[in-house]
Amino acid sequence: MTKPVVLIAEQLSPATVDALGPDFEIRQVDGTDRAALLSALADADAVLIRSATKMDAEAIAAAPKLKVIARAGVGLDNVDIKAATAAGVMVVNAPTSNIISAAELTVAHILSLARHIPAADASLTRGEWKRSAYTGTELFEKTVGIIGLGRIGSLITERLRAFGVRVIGYDPYVTPARAQHLQVELLPLDEVLRQSDFVTVHMPKTPETTGMIGAEQLAMMKPTAAIVNVARGGLIDEDALYDALTGGVIAGAALDVFTSEPPAEGGSAQRLLSLPNAVVTPHLGASTYEAQEKAGISVARSVKLALEGDLVPDAVNVAGGVIDPFVRPGIALVEMLGQFFTGLSESALTSLDIEVRGELAAYDVSVYRLAALKGIFTNIVSENVSYVNAPLFAEQRGIETRLIVEADSPLYRNITILRGSLADGSVLTVAGTLAGTRMVPKVVGVNGYEIEVPIERHHLVMRYADRPGIVAIYGRLLGDAGINIAGLQVAHPDSSGRALSVLTVDSPVPDEIAEGMREAIGADLLRQIEITES
């Protein structure tokens with residue numbers, strides 16, 4: 001069996017390869033060599049990158065087998081998430097791998113500004129001894145303002161408390177209770193800027209936050225204050241910062257990130273590098289051995305999950321999260337029910353309810369919605385279908401979906417029902433469960449007919465007026481065609497006197513044989529269903 005190809009496009013720790021294990025073919029390419037990258041992507045199932053490799057729409061289009069892009073780090077500026085989603089490619093990162101490293105670097109920058117460490121070091125290495133020129137300030141009893149109290153901002157708060165500082169903060173998404181827990185005084189942004197001796201920015205980069213600290217905001221700060229950015233380049237307007245540093249509006253700045261990396265010759269960031277009151281580092285927030293190893297191992301584990309058809313907690317373009325072990329076995333069942341549903345549909349789907357009943361009601365089963373949609377679209381669209389783009393296919397077709405969870409389940413410990421409204425006005429239902437200690441996936445209901453059929457590769461579903469001899473008729477036709485019936489169940493007739501037969505066969509039934517069966521038994525429904533592997 002051919003192993004999935006995992007392409008490593010940048011230097012990653014040996015622990016990353018070890019975490020992937022022996023089940024993949026590992027290939028290496030220089031992701032900055034565009035031609036080599038595009039060529040190597042042609043048969044890659046996964047690609048692991050850091051910040052230098054551009055996985056844009058062109059690169060994604062060059063990778064028809066690609067299932068996952070894994071960024072060994074936090075930022076995703078070099079990945080076209082929209083193009084990946086449209087192609088059904090999962091994008092994962094390692095959102096917590098560098099948070100300690102980034103928090104520690106932020107504190108290091110604050111200390112460097114307070115004690116002029118980089119300038120004093122440079123002076124001494126030049127042979128100078130200018131102690132008075134580098135008199136600094138203590139952090140004790142100073143006010144530090146943190147803009148953005150997420151994971152990194154919270155870690156910085158914990159570390160700064162040891163210095164005896166007053167911590168104030170701004171974050172529109174943090175509740176007063178959370179701020180109280182962090183021992184941070186929440187204030188409006190303007191007040192944080194006015195009151196702080198040091199300001200550090202830890203917001204995500206979005207259209208709303210780009211340039212959020214500009215000339216107007218810098219002018220609010222104390223002339224003795226300094227600002228730090230170890231988050232994302234562009235949160236601080238670099239031209240405005242240059243003017244503020246050279247014009248005495250603020251005393252200093254420390255920057256680990258820039259709008260252009262490395263700073264372009266003649267650009268706004270380049271001018272900041274030569275200022276004596278600016279401390280600069282080349283995007284070192286995640287550059288510790290520990291962070292790099294954690295990031296590599298994290299995304300390697302995510303790649304394994306993705307290539308095994310599982311959901312990934314760190315996926316950024318698909319509803320993820322930790323899946324309870326009690327919920328996990330039902331994912332494949334629901335996917336198969338989706339395929340079974342599509343096989344029975346005789347008209348376009350307009351809305352879909354995914355109804356989960358039984359003990360599963362006590363768990364988060366939101367993943368079942370994705371599994372149902374993936375199953376429904378697997379055999380009806382030409383594109384690769386995944387948990388990532390299945391909701392997009394539904395949205396594009398105007399299909400409304402609902403997840404309904406109820407504890408009441410009188411017949412089964414757990415049952416999942418797909419109930420869809422079709423464009424011809426009809427309603428189609430397919431129900432399934434996992435049976436026994438081996439958790440065998442079974443279809444247990446079709447449009448009110450009670451059956452119990454293990455889901456296999458090939459099925460025939462027929463509805464006809466119930467009368468003696470029907471099974472013999474279609475059994476003979478299939479036998480004459482050399483098609484073995486591996487299983488058969490006939491549901492009791494409904495109020496109209498029509499019975500439902502569900503056959504499991506060892507191979508597909510040719511169209512002419514199926515049509516002959518329809519005519520021979522007078523079936524008003526005969527559908528062939530093929531269940532494909534994920």
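Me: Where does Pro262 lie?

Reply: Pro262 sits in the loop between strand E11 (252-255) and helix H12 (268-272). Helices (H or I, at least four residues) and strands (E, at least two) are DSSP runs numbered from the N terminus. This is a predicted model: local features need pLDDT of at least 70, side-chain atom pairs count only at pLDDT 80 or more, and totals for chains, interfaces and linings use all residues. Residues are numbered from 1 along each chain as its sequence is written, and side-chain values use heavy atoms, with hydrogens and water left out.

Me: Is the peptide bond that joins Glu261 and Pro262 cis or trans?

Reply: The bond is cis, with omega at about -5°. Most peptide bonds are trans.

Me: What makes Met439 stand out in its backbone angles?

Reply: Met439 has a phi of about 55°, a positive value, and is not a glycine. Most residues other than glycine have a negative phi. Met439 belongs to the loop between strand E16 (427-435) and strand E17 (440-446).

Me: Which value of phi does Asn447 have, and where is Asn447 found?

Reply: Phi of Asn447 is near 50°, again positive in a residue other than glycine. Asn447 is in the loop between E17 and strand E18 (449-454).

Me: Why is Met439 called partly exposed?

Reply: Buried means under 20% relative accessible area and exposed means over 50%, with partly exposed in between (1.4 Å probe, protein chains only). Met439 has 39%, which falls between the two limits, so the label is partly exposed. Asn447, at 35%, is partly exposed too.

Me: How do you know that Gly153 is buried?

Reply: The relative accessibility of Gly153 is 1%, and this is under the limit, so Gly153 counts as buried. Gly153 is placed in helix H7, which spans residues 151-161. Not counting residues up to four places away in sequence, Gly153 touches Ile146 and Gly148; contact means heavy atoms within 4.5 Å. Between Gly153 and Ile99, 54 residues apart in sequence, the C-alpha distance is 9.1 Å.

Me: Which residues of H7 are buried, and what covers them?

Reply: They are Gly153, Ser154, Leu155, Ile156, Thr157 and Leu160. The cover includes helix H5 (99-115), strand E6 (143-147), strand E7 (166-170) and helix H8 (176-182).

Me: Why is Leu139 called buried?

Reply: Leu139 has a relative accessible area of 6%, which is under the limit, so the label is buried. Leu139 is in the loop between helix H6 (117-125) and E6. Leaving out residues up to four places away, Leu139 touches Ile110, Leu111, Ala114, Phe163, Val165 and Phe198. Its C-alpha atom is 72 Å from that of Gly448, which is 309 residues away along the chain.

Me: Why is Glu512 called exposed?

Reply: At 58%, Glu512 is over the upper limit, so it counts as exposed. Glu512 is in helix H18 (residues 511-521). Glu512 and Gln270 are 242 residues apart in sequence, and their C-alpha atoms are 73 Å apart.

Me: What is in contact with Arg232?

Reply: Outside its neighbours within four places in sequence, Arg232 is in contact with Val74, Gly75, Asp77, Lys205, Val257 and His283. The loop holding Arg232 runs between strand E10 (226-229) and helix H11 (238-246).

Me: What makes a group of residues a nonpolar core, and which members of the largest touch the most others?

Reply: A nonpolar core is a set of buried Ala, Val, Leu, Ile, Met, Phe, Trp, Tyr and Cys residues joined through side-chain atoms within 4.5 Å. In the largest, of 70 residues, Met90, Val303, Phe340, Phe341 and Tyr368 touch the most other members. Another core, of 31 residues, lies apart from it, with Leu187, Met220, Leu241 and Leu272 among its members.

Me: How many helices and strands does the chain have, and how do you know that the chain is more spread out than a compact globule?

Reply: The chain has 18 helices and 22 strands. Its radius of gyration is 31 Å, well over the 24 Å from the globule rule for 534 residues, so the chain is more spread out than a compact globule. The radius is taken over C-alpha atoms, and the rule is 2.2 Å times the number of residues to the power 0.38. Along its principal axes, the C-alpha trace spans about 105 × 50 × 40 Å. Buried residues make up 48% of the 534.
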